[in-house]
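Me: I would like to go through this structure in short questions. Please reason briefly and finish each reply on the value or name I ask for.

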Amino acid sequence: MRWPWQRKREKRPPRVGLALSGGSVRGAAHIGVLEVLEAAGIRPDCVAGTSAGSVVGAVYCAGMPLSEIKRLARQLQWSKLVRLTRPRLGFLDTQRLEDYLNEVIGGRTFEELEIPFAAVAVDILRGEVVVLREGPVAPAVRASCSLPGVAVPVQWDDRLLVDGGVLNNLPVSPVREMGAEYVIAVDLHPRGSQAHSPPKSIMEMWSLTFYTLVGATHSEAEDADCLIVPDIYGFSWVDFSQVDTLIEKGREAALACLPKLRQDLGLG
């Protein structure tokens, strides 16, 4: 006979966190990854995103269906997100990105999101990572996407914030700090000896230079429990016409990792 207090406790599933890297237009691949995770019944308990990862993470954590996120991604163009401005601290003003995101998620604060979310930026004055988790979401995402030297940085109290990829393009540690016990990380900056396509514009040149430098900085990829790396070598950083292909690349990479995820998370 087994007394009630001697009964074996059921194993509690781990708290799952999702870390979404930066990657400009390549961020569309995150949508494909999310589609596979949702279909498998894997819904993150918390999410952190850098740059493009913060954009996808914000709308997803606001509760927007993936079908709608995909529709919006297909309609995106740079004129909706930026405008040229007189160069001082940057030649692109990203206020339109903030306004567009506010429209899409209804001006929500972090506290109003359905899933806990963090946007990762860098204080360029102090040279330190800033994890934004309080207050309005849209300006935090704008800060996380402010490519230094290209986009105008965002003033945040006494901080001057730029793209989080400067110091942490794959925010695994912020997700851990949010309580994640198992972290799925999606890295849109594959490392290796393969060559990128030659840049066709100054924007592509700036993006390629930035992400080349990002590749030389510390990466938290090894700290993830499951690393998903879509095969997106050769894809442009700025061309929205490739969104559907990028989504599919995200799906392919996530499907390849699904057996490991099922085993690790006890999904059968």
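Me: Is Cys257 buried or exposed, and at what relative accessible area?
Reply: This is a predicted model, where local features need pLDDT of at least 70, side-chain atom pairs count only at pLDDT 80 or more, and totals for chains, interfaces and linings use all residues. Residues are numbered from 1 along each chain as its sequence is written, and side-chain values use heavy atoms, with hydrogens and water left out. Buried means under 20% relative accessible area, exposed over 50%, and partly exposed in between (1.4 Å probe, protein chains only). Cys257 is therefore buried, at 15%.

Me: How many disulfides does a search of the whole structure find?
Reply: A disulfide needs two cysteine sulfur atoms within 2.5 Å. The sulfur of Cys61 is too far for a bond, because the closest cysteine sulfur, in Cys46, is 8.8 Å away. Cys257 is in no disulfide either, with the sulfur of Cys226 at 4.3 Å. The count for the whole structure is zero.

Me: Which side chain of opposite charge is nearest to Glu220?
Reply: Lys and Arg count as positive and Asp and Glu as negative, while His and the chain ends are not counted. A salt bridge is a side-chain nitrogen of Lys or Arg within 4 Å of a carboxyl oxygen of Asp or Glu. Glu220 is buried and has no salt bridge. At 8.0 Å, the nearest side chain of opposite charge is Arg176.

Me: Which backbone nitrogen does the side chain of Glu220 reach?
Reply: Glu220 lies in the loop between helix H7 (202-215) and strand S10 (226-228); helices (H or I, at least four residues) and strands (E, at least two) are DSSP runs, numbered from the N terminus. Its side chain makes a polar contact of 3.3 Å with that of Asn168. Such a contact is a pair of N or O atoms within 3.5 Å; within protein, one must be able to donate a hydrogen and the other to accept it, and residues adjacent in sequence count only if both atoms are side-chain atoms. At 2.7 Å, the backbone nitrogen reached is that of Ser173.

Me: Which helix gives the largest share of the largest nonpolar core?
Reply: A nonpolar core is a set of buried Ala, Val, Leu, Ile, Met, Phe, Trp, Tyr and Cys residues joined through side-chain atoms within 4.5 Å. The largest one has 76 residues, and Ile184 is among those with the most contacts inside it. Nine of the core residues, the largest share, come from residues 243-265, helix H8.

Me: How far apart in sequence are the parts linked by Arg251 and Glu35?
Reply: The two form a salt bridge, with the closest N and O atoms 3.5 Å apart. Arg251 is partly exposed at 27%, whereas Glu35 is buried at 16%. Arg251 sits in helix H8 and Glu35 in helix H1, a separation of 216 residues.

Me: Which residue forms a salt bridge with Arg126?
Reply: Arg126 is partly exposed, at 41% relative accessibility. It belongs to a network of salt bridges that also includes Asp123, Glu128 and Arg159. At 2.7 Å between the closest N and O atoms, the partner is Asp158.

Me: What is phi of Ser51?
Reply: Most residues other than glycine have a negative phi. Ser51 has a positive one. It lies in the loop between strand S2 (46-50) and helix H2 (52-61). Its phi is near 55°.
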